[in-house]
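Dear colleague,

Please find below the sequence and the structure that I am handing over to you. My notes on what was found follow directly after.

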Amino acid sequence: MLVLCAALLLAQADAGVAATAAPSGVERRVKITIRAIAATNDPQAPVGTDPKLKPIAPQIESFGEQFRFRSYKLIDEHTFDLDWKNAAQVELPGSRSLQVTPRQLDADGRIKVHLELLGEHPAHSRKLHTDYAIQRGGTILVGGIRVDPNDPAAGKLLIAITQEMEK
Amino acid sequence: MKRCAEAVPLLGPLHDGALADDDRAWVDDHLRGCSSCQDRLALIEAQAQALREALAARVAKLDFSGFEDRVLQRVRKEGAAATARAPVWGREMWWAHRRAFTAAGGLAVAACLALVVLFAPSRTEDLALLADNSPQIDEVDFGTRDGAVFQLPRETTVIWMSDDRAVAQ
């Protein structure tokens with residue numbers, strides 16, 4: 001009887017541990033939004049920030065205080081619901097592309113992300129790669145390359161990668 | 001026109017106004033015809049501005065109000081206690097060497113202030129880091145291009161590359 005009770009207690013404890021260790025639905029997937037933005041000083045472009053950029057307006061405002069572009073226009077936007085270590089790939093103007101891979105969830109709640117910016121056809125050479133940690137709801141900005149590699153007047157490409165909050 | 005490889009090392013001194021007149025003339029001339037170097041100079045300016053603002057924000061957080069008074073009060077109090085304990089020859093010694101002691105006291109105050117300047121910013125920085133939810137860059141590789149990482153207000157982190165093209169060799 002004593003052995004049976006001990007076995008039951010051990011089984012219960014084991015089930016409890018398994019339940020806490022299993023990732024919840026929220027932790028299994030990561031939602032990322034990638035926005036491609038044209039930052040220009042073109043006198044023809046409308047002054048200010050595109051209303052479609054409202055979700056990241058504080059970051060654009062902070063960026064604008066430092067870099068002082070005249071106009072910020074959303075070119076493209078994609079949202080991805082990803083498994084860990086699966087890459088989101090976005091085509092950018094000028095046949096370039098961006099890959100974003102959520103790698104792991106840190107103990108402090110930050111998400112470790114790997115990002116690669118790839119160059120034009122045909123080589124698609126890697127222009128930039130970085131690893132960063134970001135809170136849910138946080139946004140990182142990557143930019144400086146031209147929107148159109150052959151046209152300096154087309155402005156600079158600014159890419160905003162946002163770690164969406166889970167609903 | 002001279003090449004970018006020759007102009008790039010002089011962009012920083014140009015921005016600082018530390019370039020000799022003859023060099024400044026040809027670098028200005030190069031800049032007028034080279035959008036890549038214009039971008040590089042703009043990046044240097046942005047970096048300098050970000051540094052200025054970060055330093056100004058750090059200095060603004062330091063609170064020196066009443067610090068000097070507190071240090072001088074303590075020096076006076078400790079000096080008074082020591083004088084009370086000292087025999088008469090001590091007071092005569094103090095009077096005879098008052099200039100040296102005053103100078104030493106001044107040096108001690110200056111040293112205390114220097115210690116505060118040295119250590120206070122790092123504590124402020126640690127607290128700011130603890131409270132900061134900005135994205136944190138672990139590693140970044142710009143390849144052959146120029147680039148920088150900016151930690152801006154409102155939890156905004158920017159990775160900025162100067163241009164599509166590398167410096168012409």
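Thr130(A) stands opposite Val140(B) in β1(B). That pair belongs to a junction between the two chains, in which strand β7 (residues 126-134) of chain A and β1(B) pair in the antiparallel sense over five bridges. Please bear in mind throughout that this is a predicted model. For the complex, the predictor gives an ipTM of 0.81 and a pTM of 0.58.

The two chains

Chain A contains three helices and nine strands. Along its sequence, these elements follow the pattern α-α-β-β-α-β-β-β-β-β-β-β. Of its 167 residues, 31% count as buried. Among the contacts in chain A with a separation of 6 or more, 54% are accounted for by residues 24 or more positions apart.

Chain B has six helices and three strands, and from the N terminus on its elements run α-α-α-α-α-α-β-β-β. Here 14% of the 169 residues count as buried. Of the contacts in chain B between residues at least 6 apart in sequence, 53% join residues at least 24 apart.

The contact between the chains

The contact takes 30 residues from chain B and 26 residues from chain A. On the side of chain B that touches chain A, the elements giving two or more residues are α3 (35-61), β1 (136-141), β2 (147-152) and β3 (156-161) of chain B. By class, that side of chain B has 13 nonpolar, nine polar and eight charged residues.

A sheet built from both chains

Strands of both chains also appear in an open sheet of seven strands, with mixed pairing and the order β2(A)-β3(A)-β1(A)-β9(A)-β8(A)-β3(B)-β2(B). At its edges stand β2 (48-49) of chain A and β2 of chain B, each with a single partner strand, so one side of each is left without a neighbour in the sheet.

Within chain A, strand β1 (residues 29-40) and β3(A) run antiparallel and are joined by 12 bridges. One position that illustrates this pairing is Ile32(A), whose bridge partner in β3(A) is Phe80(A).

The sheet passes from one chain to the other where strand β8 (residues 139-148) of chain A meets β3(B): these two run parallel and are joined by four bridges. In this pairing, Ile140(A) stands opposite Thr157(B) in β3(B).

On the chain B side, β2(B) and β3(B) run antiparallel and share six bridges. The bridge partner of Gly147(B) in β3(B) is Met161(B). The two strands form a hairpin with three residues between them, and Arg154(B) in the turn has a positive phi of about 60°.

Strand β3(B) and helix α3 of chain B

How many of the residues of β3(B) are buried? The strand is mostly covered, with six of its six residues buried. Thr156(B), Val158(B) and Trp160(B) point one way from β3(B), while Thr157(B), Ile159(B) and Met161(B) point the other way, and all are buried.

Glu53(B) lies in helix α3 of chain B. This residue counts as partly exposed because 14 other C-beta atoms lie within 10 Å. Glu53(B) and Leu152(B) are 99 residues apart in sequence, yet their C-alpha atoms are 9.4 Å apart in space.

Confidence

Chain A averages a pLDDT of 83, and 83% of the residues score at least 70. Among its elements, the lowest mean pLDDT (44) belongs to helix α1 (residues 2-21) of chain A and the highest (94) to strand β3 (residues 71-83) of chain A. Over residues 1-5 of chain A, pLDDT stays under 50, and the model has zero contacts beyond four places in sequence for them. Over residues 7-26 of chain A, pLDDT likewise stays under 50, with two contacts beyond four places in sequence.

Chain B averages a pLDDT of 80, and 82% of the residues score at least 70. In this chain, pLDDT stays under 50 over residues 123-130, for which the model has two contacts beyond four places in sequence.

Yours sincerely

Definitions and conventions:
Residues are numbered from 1 along each chain as its sequence is written. Chains are lettered from A and ligands numbered from 1 in the order in which they are written. This is a predicted model: local features need pLDDT of at least 70, side-chain atom pairs count only at pLDDT 80 or more; totals for chains, interfaces and linings use all residues. Two residues are in contact if their C-beta atoms, placed from the backbone, lie within 7 Å. Ala, Val, Leu, Ile, Met, Phe, Trp, Tyr, Cys and Pro count as nonpolar, Asp, Glu, Lys and Arg as charged, and the others, Gly among them, as polar. Two strands pair if DSSP finds at least two bridges between them. pLDDT is the predictor's confidence in each residue, from 0 to 100. A residue is buried if 20 or more other C-beta atoms lie within 10 Å of its own, exposed if 12 or fewer, and partly exposed in between; C-beta atoms are placed from the backbone.
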